[in-house]
2 protein chains.
Amino acid sequence: MFSLRLQGGLPLSEQLEARIAELIISGEMAENEKLPAVREVAKELTINPNTVQKTYRQLEQRGLIYSLPGKGSYVAERSQYSSAVLKRATEEFSRAVGDAAKSGLTKEIMTAVIDAVINKEGEI
Amino acid sequence: MFSLRLQGGLPLSEQLEARIAELIISGEMAENEKLPAVREVAKELTINPNTVQKTYRQLEQRGLIYSLPGKGSYVAERSQYSSAVLKRATEEFSRAVGDAAKSGLTKEIMTAVIDAVINKEGEI
DNA sequence: TAACTGTACTATTCTTATTAGTACAGTTAT
DNA sequence: ATAACTGTACTAATAAGAATAGTACAGTTA
C-alpha cells in the first residue's frame, strides 16, 4: 500500500489523487498494476470509503486508471493518458509562468530556477 | 475603483488579495496611491466589509500596502516589498517547475513555454 | 455460497468561509 | 466641536463545502 501523509488545507480526495497520480506518472506503479481496493485504502488511511471512491473516480476521468466493477481498479497504460498528462502539465506550467512574469521574474531567472530544480531532482 | 469578477472556488478574500496584488506589482497602482476604503470596496463588490478588511490585512503583512488608522490604506513603495515579492514568486515558480518535471515536462519544453508566454505577454 | 470488488445513493456531522452587527479610536473638513 | 470619514477589533449567526456514516446493488472470484 502507498504511504501518505495527509495534511494541509486541501481536500483529502485531492491530496490522495495527487499522490496516486504522482506514483503512476513517475512509474512507481506499473501499467495494469492493481490498485488497493477502495475499502482497503480507506481503512489504512482511516478515512471514509466515499472519499477514496471520489479519488478513484477523478483518476479514472483523467485516464490514469481504469476500473472493472467486481474486479478492481488498475493503472492505465501510458499510451492512454500520456498526451493528456503532458497537456495538463503544460497548461499548469503556462499559468505558473504567467504568474511569475507578473511578479517580475525575468526569463533568465526562470531558466535558472529550472536548472536548479532539475539538477536537484537528479540527485541521489 | 478596481473592477473584479469574483468567481471560482477560492475564498473571496484571497481572490481580492490576488487581484489587488496584481495591480500593485504591475504598477497599475502607483506608490503611495490611496486604496478605496474598506467599506467602499465592500459596497461596490457587494461583499462583507470584514472580507475586505481581511484582504487589506493580508496585503499589509506581505508589505504591499500600509494602513494609517483614520486616514486610509496606501500602496507601499517598491523598495519596501520588491525583494519579498521576488522571493515569493521564485518559491512558487520552483514548486511549479517541480510539478511540471514530475509530469514529464522536459527542460526544453519548459523554456519553450516560457518563451511563448513571455512573447504573448508582450503583445498589444 | 461466501467474500471480495466497484458503484451509487441519502443523511448527518464538521469545518471553514462568509456574513451580520457593533464598537472604538484616529483623521479631516466644516 | 461636530459630522463624516478612516482602519481596526471583536462576537455571533449563517452558508457552503468536505468528510463521514450507513446502506444497497451488481459483477467477480475461489
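Which element supplies the largest share of the surface near DNA strand D? In this predicted model, that share comes from α3(B), which provides 3 residues. The elements that each supply at least two residues of this surface are drawn from both chains, namely α1 (12-26) and α3 (49-61) of chain A together with α2 (38-45), α3 (49-61), β1 (65-68) and β2 (72-75) of chain B.

In total, 24 residues surround DNA strand D, and the closest are Pro11(A), Leu12(A), Asn48(A), Asn50(A) and Lys71(A). By residue class, the surface near the strand divides into 11 polar, 8 nonpolar and 5 charged residues. On the nucleic acid side, 61% of the atoms of DNA strand D that lie within 4 Å of the protein belong to sugar or phosphate, the remainder being base atoms.

Individual atom pairs involve both bases and phosphate. A polar side-chain atom of Arg39(B) is placed 3.0 Å from a base oxygen of DNA strand D, and a backbone N or O atom of Gly70(A) is placed 3.3 Å from a base nitrogen of the strand. At the phosphate, an N or O atom in the side chain of Glu60(B) lies 3.4 Å from an oxygen of DNA strand D.

As to confidence, chain A has a mean pLDDT of 92, with 97% of its residues reaching 70 or more. Within chain A, the highest confidence is found in strand β2 (residues 72-75), at a mean of 97, and the lowest in helix α5 (residues 107-122), at a mean of 91.

Key: Residues are numbered from 1 along each chain as its sequence is written. Chains are lettered from A and ligands numbered from 1 in the order in which they are written. This is a predicted model: local features need pLDDT of at least 70, side-chain atom pairs count only at pLDDT 80 or more; totals for chains, interfaces and linings use all residues. Side-chain values use heavy atoms; hydrogens and water are left out. A residue is near a molecule or strand if one of its heavy atoms lies within 4 Å of it. A polar contact is a pair of N or O atoms within 3.5 Å; within protein, one must be able to donate a hydrogen and the other to accept it, and residues adjacent in sequence count only if both atoms are side-chain atoms. Helices (H or I, at least four residues) and strands (E, at least two) are DSSP runs, numbered from the N terminus. Ala, Val, Leu, Ile, Met, Phe, Trp, Tyr, Cys and Pro count as nonpolar, Asp, Glu, Lys and Arg as charged, and the others, Gly among them, as polar. pLDDT is the predictor's confidence in each residue, from 0 to 100.
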